[in-house]
Amino acid sequence: ASVMTIRRSAGSMGSSPLFIRCARGAIHHIATSPVPSTSLAVRSPSLLAKAISMRAMSSLVLRSDEKSTGITTLTLNNPMKYNVLSWEMLDTLQNQLDEIATDSTIRVLVVGANGKAFSSGHDLKEIQSHQNIEDTTDLFKKCSKFMISINKLPQPVIAKVQGVATAAGCQLVASCDLAIGSSAARFGVSGINLGLFCSTPAVALSRTVQRKQAMHMLLTGDLISAEEALAYGLLNTVVSPDILESETTKLAEKIASKSSFGVQLGKKMFYDQLKYDNLEDAYNFA
């Protein structure tokens, strides 16, 4: 029954290679392991399939919840591939954001990464493997939805940047409400170096740094230092690598100690008033 449920679940979820691998692993586990009659596999095989699938995906993103302070941290965890924002990575991050958005016990979200890179952006090999332009368009739409979700998330989001952030990785930093960078961090939108243009990263970048600085980064593909990113307005603070963790925690705890009602209302109001071109309309809205 468990095997059949997993197979039906795989059918209903489409032909996702990740889910198929998870389902095969679950089937193998069920077939080779003694399962007590009170186990999850017997009581709710569909939940088992879902749990195994989510557990496999969650290795790309590590989550820690500090209940005492209300601070949740999501850590990109694919260092061997420079934390690329692949389809699976974006799916995992989006699922986490959707869950966090409805959790009133979470007051601040921190986004960090393991390894030398914060994120190198999209997985170019994955894009090259796409059979048609629609696949690539769907990937960019998924990434855009994730970036917009950061903006719409009730809780403030702090980027903790320990290394290189390029293309959509730089877009992620720009999309967060606040950003603290290690002095070793570097930033760039380097699509132009490959004969491309970082179109979607340009949206977040142009809304965070001054226009001419954004264009310089987009047209040259140059990496800028953490100090330059601070001067551009991409970062709030630059600290030495050894205190990045503690300084990020200090900022998160300071915000978390404030009224969650005031913080969440203020975040929404801040972004909503920016939509008004007319100053008087913005004041009336505020």
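**Exercise 1. Describe the largest pocket and its lining.**

Solution.
Step 1: start with the volume. The largest pocket holds about 1,000 Å³ of space. The model is predicted.

Step 2: turn to the residues. The lining counts 32 residues. Nearest the centre of the pocket lie Asn151, Ser175, Arg207, Tyr271 and Leu274.

Step 3: assign the lining to elements. Two or more residues each come from helix H7 (133–152), helix H8 (168–175), strand S7 (178–182), helix H9 (199–206) and helix H13 (260–273). H13 contributes the most, with 6 residues.

Step 4: sort by class. The lining has 16 nonpolar residues, 9 polar and 7 charged.

**Exercise 2. Decide how far H8 is enclosed by the rest of the structure.**

Solution.
Step 1: apply the cut-off. Buried means under 20% relative accessible area.

Step 2: go through the helix. Ala168, Gly169, Cys170, Gln171, Leu172, Val173, Ala174 and Ser175 are buried.

Step 3: conclude. With 8 of its 8 residues buried, H8 is largely enclosed by the rest of the structure.

**Exercise 3. Place Leu76 and find its contacts beyond four places in sequence.**

Solution.
Step 1: locate the residue. Leu76 belongs to strand S2 (residues 71–76).

Step 2: check burial. Its relative accessible area is 0%, so Leu76 is buried.

Step 3: list the contacts, leaving aside neighbours within four places in sequence. Leu76 touches Leu60, Asn83, Met89, Leu93, Gly112, Ala113, Asn114, Phe118, Ser119 and Leu172. One of these, Leu172, is among the buried residues of H8.

Step 4: take one pair. Leu76 and Leu93 stand 17 residues apart in sequence. Their C-alpha atoms are 8.8 Å apart in space.

Note on methods:
Residues are numbered from 1 along each chain as its sequence is written. This is a predicted model: local features need pLDDT of at least 70, side-chain atom pairs count only at pLDDT 80 or more; totals for chains, interfaces and linings use all residues. Side-chain values use heavy atoms; hydrogens and water are left out. On a 1 Å grid over the protein atoms alone, a cavity is a set of points where a 1.4 Å probe fits but cannot get out, and a pocket is an open set with protein on both sides within 12 Å along at least five of seven lines; lining residues have an atom within 4 Å of a point. Grid points are joined across faces, edges and corners, and a volume is the space filled by probe spheres set on the points. Helices (H or I, at least four residues) and strands (E, at least two) are DSSP runs, numbered from the N terminus. Ala, Val, Leu, Ile, Met, Phe, Trp, Tyr, Cys and Pro count as nonpolar, Asp, Glu, Lys and Arg as charged, and the others, Gly among them, as polar. Buried means under 20% relative accessible area, exposed over 50%, partly exposed in between (1.4 Å probe, protein chains only). Contact means heavy atoms within 4.5 Å.
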